[in-house]
Amino acid sequence: MQKMLKTLEVLTLKLQAEDLTMLLVRKYFDAIINLYPELQLYLGANASIIQCKDFESAIVEIQNHTDPVLTDAQRESVKCFENTLSIVIHVSNTHNNSNDGSTDSIFDNIDRDEKRRKINSKLCYRDLTYIPPTSVCVERLFSKVKHLLSDSRENMSDSTMETLVLLKH
């Protein structure tokens, strides 16, 4: 139980990274499920918490393959992201890992593979790495705004508040 909690603690820290992609989250979750199959119900690709399974699986497939194979439902869910331009992207996820030789090792291989991954081809879809897989960055933004919005600043104009938020973020 202690080892499982330590592994999940490492995972939660990794899920707070700014440069996280849906593909990387899926790989992390799959690694955890491989170690602890009882978490499949909560972290699996078909977990009940996932609102749009076709959308999520399509994004993961697109981020994982140069020429993704999508079902009709998946294709329809990401139709707005179709691209006819030839572009080149380099996916590089950098995470500051402190490798103590224990629970980090299951994530190190995933991180290493992601750093080496380069896609140079004509893509059918736009670069979708900007889609945040977690709400951590949004929660941080709200937290910063909470400190800006106080009783002493209630007369501040919207444009001034927007400028302060942009400068703080």
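pLDDT is the predictor's confidence in each residue, from 0 to 100. It matters from the start here, as what you see is a predicted model, in which local features need pLDDT of at least 70 and side-chain atom pairs count only at pLDDT 80 or more, while totals for chains, interfaces and linings use all residues. Residues are numbered from 1 along each chain as its sequence is written, and side-chain values use heavy atoms, with hydrogens and water left out.

Let's begin with how far to trust the picture. The protein averages a pLDDT of 76, and 76% of the residues score at least 70. Over residues 86–99, though, pLDDT stays under 50. The model has 39 contacts beyond four places in sequence for that stretch, where a contact means heavy atoms within 4.5 Å. Residues 118–122 also stay under 50, and for them the model has twelve contacts beyond four places in sequence. Where pLDDT is low, the predicted coordinates should not be read in detail. By element, confidence is lowest in strand β2 (residues 118–121), with a mean of 38, and highest in helix α5 (residues 72–77), with 93.

Now for the overall layout. The secondary structure comes to eight helices and two strands; these are DSSP runs numbered from the N terminus, with helices being H or I runs of at least four residues and strands E runs of at least two. Walk along the sequence and the pattern reads α-α-α-α-α-β-α-β-α-α. Take the contacts between residues at least 6 apart in sequence: 65% of them join residues at least 24 apart. On the outside, the protein exposes about 11100 Å², and carbon and sulfur atoms supply 54% of that; the areas come from the Shrake-Rupley method with a 1.4 Å probe, and for residues only the protein chains shown count as cover. Of the 169 residues, 34% are buried. Buried means under 20% relative accessible area, exposed means over 50%, and partly exposed is in between (1.4 Å probe, protein chains only).

What sits inside? The largest nonpolar core has 17 residues, and Leu11, Leu15, Tyr28 and Ile32 have the most contacts inside it. A nonpolar core, by the way, is a set of buried Ala, Val, Leu, Ile, Met, Phe, Trp, Tyr and Cys residues joined through side-chain atoms within 4.5 Å. Helices α1 (2–14), α2 (22–35) and α6 (105–116) each supply at least two residues of this core, and α2 gives the most, with seven. Apart from this core lies another, of twelve residues, including Met22, Ala58, Ile59 and Val60.

Helix α2 deserves a closer look. Its 14 residues reach 20 Å from first C-alpha to last, close to the 20 Å expected at 1.5 Å a residue; the expected span is 1.5 Å times one less than the number of residues. The helix is mostly covered, with ten of its 14 residues buried, among them Leu23, Tyr28, Phe29 and Ile32. Leaving out residues up to four places away in sequence, Ile32 touches Thr7, Leu8, Leu11, Leu39, Leu43, Ile106 and Phe107.

One of those partners, Thr7, is found in helix α1. Thr7 counts as buried because its relative accessibility is 1%. The C-alpha atoms of Thr7 and Ser105 are separated by 9.9 Å, although the two are 98 residues apart along the chain.

Next comes helix α4 (residues 53–64), whose twelve residues should span 16 Å at 1.5 Å a residue; the end C-alpha atoms are 16 Å apart, which agrees. Glu56, Ala58, Ile59, Val60, Ile62 and Gln63 are the buried residues of α4. Helix α5 holds Gln74, which is buried, with a relative accessible area of 11%. The side chains of Gln74 and Ser57 are joined by a polar contact of 2.7 Å. That term stands for a pair of N or O atoms within 3.5 Å; within protein, one must be able to donate a hydrogen and the other to accept it, and residues adjacent in sequence count only if both atoms are side-chain atoms. Neighbours within four places aside, Gln74 is in contact with Asp54, Ser57, Ala58 and Val69.

Finally, two loop residues. Asn83 lies between α5 and β1 (87–90) and counts as buried at 13% relative accessibility. Asn83 and Arg126 are 43 residues apart in sequence, with 5.4 Å from C-alpha to C-alpha. Tyr130, in the loop between β2 and α7 (136–148), counts as exposed, at 52%. The C-alpha atoms of Tyr130 and Leu20 are 8.8 Å apart, while 110 residues separate the pair along the chain.
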